[in-house]
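Q: Please take one part of this predicted model and go through it closely. I would like a single connected account that I can follow with the sequence and the structure side by side.

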Amino acid sequence: MKYLLSIILSLVSLSLFAQSEADTVRQKVLFQTSMGDIVIALYNETPLHRDNFIAHVKNGDYNGVLFHRVIKEFMIQTGDPTTRPPELKYPNTPKVSDQNVPAEFRFPQLFHKKGAVAAAREGDETNPERMSSATQFYIVVGKRRAEWELDRIQNRISEATNGEIVLTPEVRETYGRIGGTPHLDGQYTVFGEVLSGMDVVEAIQVVETDEANKPLQDIRVIKAEVIDN
């Protein structure tokens, strides 16, 4: 009887360990760009965005898209399917939903630190629920913030979120140490982070752009693919 109980407890323990391990393993995506490779990890805490993103990657929807909006010390943005070259506009692949994704704000666990990956969206006027674009996303560059700057930004955040988002001491320390874009917290869904290739992101964010923040020379995603953990 004791032997049987021991086996049962061992099986339960293994099951719980496997489940815990599955919950912590993050899916990774490699973006091969015309300026170098970027690897990002997707957060399990934002499952709707994770699953939507993976579906579009597997469907080839990011292959060929431009980095169409680049702002120094702010972010680089891509994922607009209309920026693909003509030969890739209509790929012979199954269609993935182009519906907006419900917001998944997980602040203060997930926030706009340097290297964060977040979903672009339409403005509050037409999108009061702050739902995310099905495909467009940005990678945060930002800059380090002094305490007085964070105090001023907090006022801006409080107004935009009705006081629901308050920068914690830990979040403020990160913004002061490595930087980011704190004024977006609680308004845009953060769903991943850069694991490698931040030097590529840094290089893209300083390229010359036009009045619409579009790089003068095309910078494209050559291929995006899910990679093994």
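A: This account takes the sheet as its part, and then turns to the loops, the cavities and the confidence of the model.

The model is predicted, not taken from an experiment. Its sheet is open and has eight strands, in the order 3-4-6-5-7-2-1-8, and the pairing is antiparallel. Strand 3 (67-71) and strand 8 (221-227) are the edge strands, and each of them pairs on one side only. From one strand to the next, the twist averages 25°. Helix 2 packs on this sheet and touches strand 1, strand 2, strand 5 (116-119), strand 6 (137-140), strand 7 (190-196) and strand 8. The direction of helix 2 makes about 120° with that of strand 8. As a general point for looking at such a sheet, side chains in a regular strand alternate between its two faces.

Two of the strand pairs can be followed in detail. Strand 1 (residues 28-33) and strand 2 (residues 36-42) pair in the antiparallel sense over six bridges. One place to find this pair is Thr-33, whose bridge partner in strand 2 is Gly-36. The other pair includes an edge of the sheet: strand 3 is antiparallel to strand 4 (residues 75-78), with four bridges between them. Here Phe-67 has Thr-78 in strand 4 as its bridge partner. Strand 3 and strand 4 form a hairpin, with three residues between the two strands. In that turn, Glu-73 has a positive phi of about 60°.

Next come the loops between strands. Pro-108 sits in the loop between strand 4 and strand 5. The peptide bond that joins Phe-107 to Pro-108 is cis, with omega about 5°. Arg-130 belongs to the loop between strand 5 and strand 6. Phi of Arg-130 is positive, near 60°, and this residue is not a glycine.

Some of these elements also help to enclose space. The structure holds two cavities of 30 Å³ or more. The largest has a volume of about 60 Å³. Phe-107, from the cis bond, is one of its lining residues, which also include Glu-104, Arg-106, Leu-110, His-112, Asp-185 and Val-190. By class, this lining has six nonpolar, three polar and three charged residues.

The second largest cavity holds about 50 Å³ of space. Helix 2 (residues 47-58), which packs on the sheet, gives the most to its lining, with three residues. Among the lining residues are His-49, Asn-52, Phe-53, Tyr-62, Ala-119, Phe-137 and Phe-191. This lining has six nonpolar and five polar residues, but no charged ones.

Last, how far can the model be read? The mean pLDDT of the protein is 91, and 87% of its residues reach 70 or more. Residues 4-22 stand apart from that mean, as pLDDT stays under 50 over them. For this stretch the model has one contact beyond four places in sequence. Where pLDDT is low, the predicted coordinates should not be read in detail.

Note on methods. Residues are numbered from 1 along each chain as its sequence is written. This is a predicted model: local features need pLDDT of at least 70, side-chain atom pairs count only at pLDDT 80 or more; totals for chains, interfaces and linings use all residues. Side-chain values use heavy atoms; hydrogens and water are left out. On a 1 Å grid over the protein atoms alone, a cavity is a set of points where a 1.4 Å probe fits but cannot get out, and a pocket is an open set with protein on both sides within 12 Å along at least five of seven lines; lining residues have an atom within 4 Å of a point. Grid points are joined across faces, edges and corners, and a volume is the space filled by probe spheres set on the points. Ala, Val, Leu, Ile, Met, Phe, Trp, Tyr, Cys and Pro count as nonpolar, Asp, Glu, Lys and Arg as charged, and the others, Gly among them, as polar. Two strands pair if DSSP finds at least two bridges between them. Axes are lines fitted to C-alpha atoms, for helices over the stretch in contact, and angles run from 0 to 180 degrees between N-to-C directions. Contact means heavy atoms within 4.5 Å. pLDDT is the predictor's confidence in each residue, from 0 to 100.
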